[in-house]
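Please open the model in your viewer and display the backbone as a cartoon. The stops below proceed from one selection to the next.

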Amino acid sequence: MSEREYFACVGRRPGMFVGRTSFHLLTAFLIGYDQHAVRHGGHGLAGWHEWLVARRGRECSHTWPGQVLHIALPDGWDNISDLPPEDEEQAIKVLFRLLDDFTAEREATQGSQVTG
């Protein structure tokens, strides 16, 4: 199973992976996934933050979860640790859409390097 396929599985049933479906629990899960992958020689989420900044078109002091929130909730939020349910749902939906776009681009780049 590719990373893209794996992230799609998590995105379809996030509660199965983190218990209670929440943006913050999912980002913590993905940070753990990244650290494990890197520790064991994988790519993990290398380049993800930079990709999000480029996608958004501007930098700020937020780490990648904040970058995702900026994209998902362009009008901002009142309390980052207590998002309203509709913002939480939107943030999760956008998180997995962005992950799919990122991993698709990475797969295409890696595929062209192998064949090129």
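**An aromatic pair, then the helices**

Select Phe17 to begin: with a relative accessibility of 26%, Phe17 counts as partly exposed. Please bear in mind throughout that the model is predicted.

Add Tyr6 to the selection. Tyr6 is likewise classed as partly exposed, because its relative accessibility is 21%. The structure holds 9 aromatic pairs, and one of them is formed by Tyr6 and Phe17. The geometry of this pair is edge-to-face, with 6.0 Å from centre to centre and 85° between the planes. Which helices does the pair link? Tyr6 belongs to helix H1 and Phe17 to helix H2 (residues 14–18), so that distant parts of the chain, 11 residues apart, are joined.

Now extend the selection to Phe7, Phe29 and Tyr33. Together with Tyr6 and Phe17, these residues form one aromatic cluster.

**Along helix H1**

Move next to Gly11, which is located in helix H1 (residues 3–12). Is Gly11 buried, partly exposed or exposed? Its relative accessibility is 27%, so Gly11 counts as partly exposed. Draw a distance from the C-alpha atom of Gly11 to that of Leu26: the value is 9.3 Å, for two residues 15 positions apart along the chain.

**Helix H3 and its two faces**

Leu26 leads to the next element; select residues 23–39, which make up helix H3. Helix H3 has 17 residues and reaches 24 Å from its first C-alpha to its last, close to the 24 Å expected at 1.5 Å a residue. Colour Phe23, Leu26, Thr27, Leu30, Asp34 and Ala37, the buried residues of H3. Why do they appear on the same side of H3? They cover an arc of only 100° around the axis, and therefore share one side of the helix. The general rule is that an α-helix has 3.6 residues a turn, so residues three or four places apart point the same way.

Rotate the view to the face turned away from the buried side of H3. The exposed residues Gln35, His36 and Arg39 are carried there. Then step past the end of the helix to Gly41, which follows H3 and has a positive phi, near 85°.

**Thr103 in helix H6**

Proceed to Thr103, a residue of helix H6 (residues 85–115). Thr103 is buried, because its relative accessible area of 3% is under the 20% cut-off. Show its side chain as sticks and look for two backbone oxygens. A polar atom of the Thr103 side chain lies 2.8 Å from the backbone oxygen of Leu99. The side chain of Thr103 also reaches the backbone oxygen of Asp100, at 3.2 Å. Setting aside residues up to four places away in sequence, Thr103 touches Arg4 and Phe7. Phe7 was met earlier, as a member of the aromatic cluster.

**The whole chain**

Finally, clear the selection and view the entire chain. The secondary structure comes to 6 helices and 0 strands, and the pattern read along the sequence is α-α-α-α-α-α. The C-alpha atoms fill a box of roughly 45 × 35 × 25 Å along the principal axes. The radius of gyration is 14 Å, which agrees with the value near 13 Å for a compact globule of 116 residues. Buried residues make up 32% of the 116 residues. Of the contacts with a separation of 6 or more, 52% are between residues 24 or more positions apart.

Terms used
Residues are numbered from 1 along each chain as its sequence is written. This is a predicted model: local features need pLDDT of at least 70, side-chain atom pairs count only at pLDDT 80 or more; totals for chains, interfaces and linings use all residues. Side-chain values use heavy atoms; hydrogens and water are left out. Helices (H or I, at least four residues) and strands (E, at least two) are DSSP runs, numbered from the N terminus. Buried means under 20% relative accessible area, exposed over 50%, partly exposed in between (1.4 Å probe, protein chains only). A polar contact is a pair of N or O atoms within 3.5 Å; within protein, one must be able to donate a hydrogen and the other to accept it, and residues adjacent in sequence count only if both atoms are side-chain atoms. Contact means heavy atoms within 4.5 Å. The expected span of a helix is 1.5 Å times one less than its number of residues. The arc is that of the directions from the helix axis to the C-beta atoms. Rings of Phe, Tyr and Trp (its six-membered ring) pair if their centres lie within 6.5 Å; planes under 30 degrees apart count as stacked, over 60 as edge-to-face and the rest as tilted. The radius of gyration is taken over C-alpha atoms; the globule rule is 2.2 Å times the number of residues to the power 0.38.
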